[in-house]
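Dear colleague,

I am handing over the structure below, and after it I set out what I found. Please read the notes with the coordinates open beside them.

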Amino acid sequence: MSDISDSLTRADEQHFTRPIPKSAGAQMRYLLKQLKSTKTVAATLNISQRTVERYVKNEIKQPKPALASRLEAEVRRRWQPLVRKRARDKAARTTGLVIETRARFGFTAAPGTTDDGRMRRITQHLPPEYASRLFAAQEAGATESQLRHIAAEGLQELYFKDNGARATSLLVEFTDIDYVDFAF
């Protein structure tokens, strides 16, 4: 399960200036334009090259549900890359991002304090350095646990430690994510 990565991708989609193509034929033509050959599109979608050609010519109009979801996912992944890049660059340089989550947070703290994890709902602005680290890690193909560690570190420093004003030896564990949403 890739909660953090999926949430960052959904946040990207909030910046799209145009909707993705609706019909299967238009989506297939868009993928063909991006990937340059019917063979590559067929391999990406795990269908035959002839099927791709038939969708491009509108000979087939209604894909099966499994193919429709794969097709839409591939189009969304490639849709408006410059708009996506501009929004990410702005967040990584100036604005940062906002994380809203409901998850279990456990702690490693000084003796005499409680370290029992509990569910918390947190909305916190993370500065640009955490945004740039998250984006760079996602683009480099980081695992979900690596992305989760970066987000936990940001929440640890800003929410739990209040920028170093309290609980200086506290270490936060970010587990059992109910949901996580990013906005930038």
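Please keep in mind throughout that this is a predicted model. I begin with one helix pair, where Ala24, Gln27, Met28, Tyr30, Leu31, Gln34 and Leu35 in H2 meet Leu71, Glu72, Glu74, Val75 and Arg78 in H5. Sorted by character, the residues of this contact comprise seven nonpolar, two polar and three charged. As for the geometry, the axes of helix H2 (residues 24–35) and helix H5 (residues 65–78) come within 10 Å and cross at roughly 50°. Since an angle counts as oblique when it falls between 35 and 65 degrees, H2 and H5 are therefore oblique to each other, and the crossing in which H2 passes H5 is left-handed.

Turning to the protein chain as a whole, it contains eight helices and three strands, and their order along the sequence is α-α-α-α-α-α-β-β-α-α-β. The radius of gyration of the protein chain is 21 Å, whereas a compact globule of 184 residues would have a value near 16 Å. Along the principal axes, the C-alpha atoms of the protein chain fill a box of roughly 70 × 30 × 25 Å. Of the 184 residues, 41% count as buried, and if one takes the contacts between residues at least 6 apart in sequence, 70% of them join residues at least 24 apart.

Some backbone angles may also deserve your attention, because most residues other than glycine have a negative phi. Asn58, which is not a glycine, has a positive phi of about 60°; Asn58 lies in the loop between helix H4 (49–56) and H5, and is partly exposed, with a relative accessible area of 34%. Gln80, likewise not a glycine, has a positive phi of about 45° and is found in the loop between H5 and helix H6 (81–95). With a relative accessibility of 9%, which is under the 20% cut-off, Gln80 counts as buried.

A further positive phi, of about 50°, is taken by Asp162, just after H8. Within helix H8 itself (residues 144–160), the buried residues are Glu144, Leu147, Ile150, Ala151, Ala152, Gly154, Leu155, Gln156, Leu158 and Phe160.

With best regards

Definitions and conventions: Residues are numbered from 1 along each chain as its sequence is written. This is a predicted model: local features need pLDDT of at least 70, side-chain atom pairs count only at pLDDT 80 or more; totals for chains, interfaces and linings use all residues. Side-chain values use heavy atoms; hydrogens and water are left out. Axes are lines fitted to C-alpha atoms, for helices over the stretch in contact, and angles run from 0 to 180 degrees between N-to-C directions. Helices (H or I, at least four residues) and strands (E, at least two) are DSSP runs, numbered from the N terminus. Angles under 35 degrees count as roughly parallel, over 145 as roughly antiparallel, 65 to 115 as roughly perpendicular and the rest as oblique. A crossing is left-handed if the near helix is turned anticlockwise from the far one by less than a right angle, and right-handed if clockwise. Contact means heavy atoms within 4.5 Å. Ala, Val, Leu, Ile, Met, Phe, Trp, Tyr, Cys and Pro count as nonpolar, Asp, Glu, Lys and Arg as charged, and the others, Gly among them, as polar. The radius of gyration is taken over C-alpha atoms; the globule rule is 2.2 Å times the number of residues to the power 0.38. Buried means under 20% relative accessible area, exposed over 50%, partly exposed in between (1.4 Å probe, protein chains only).
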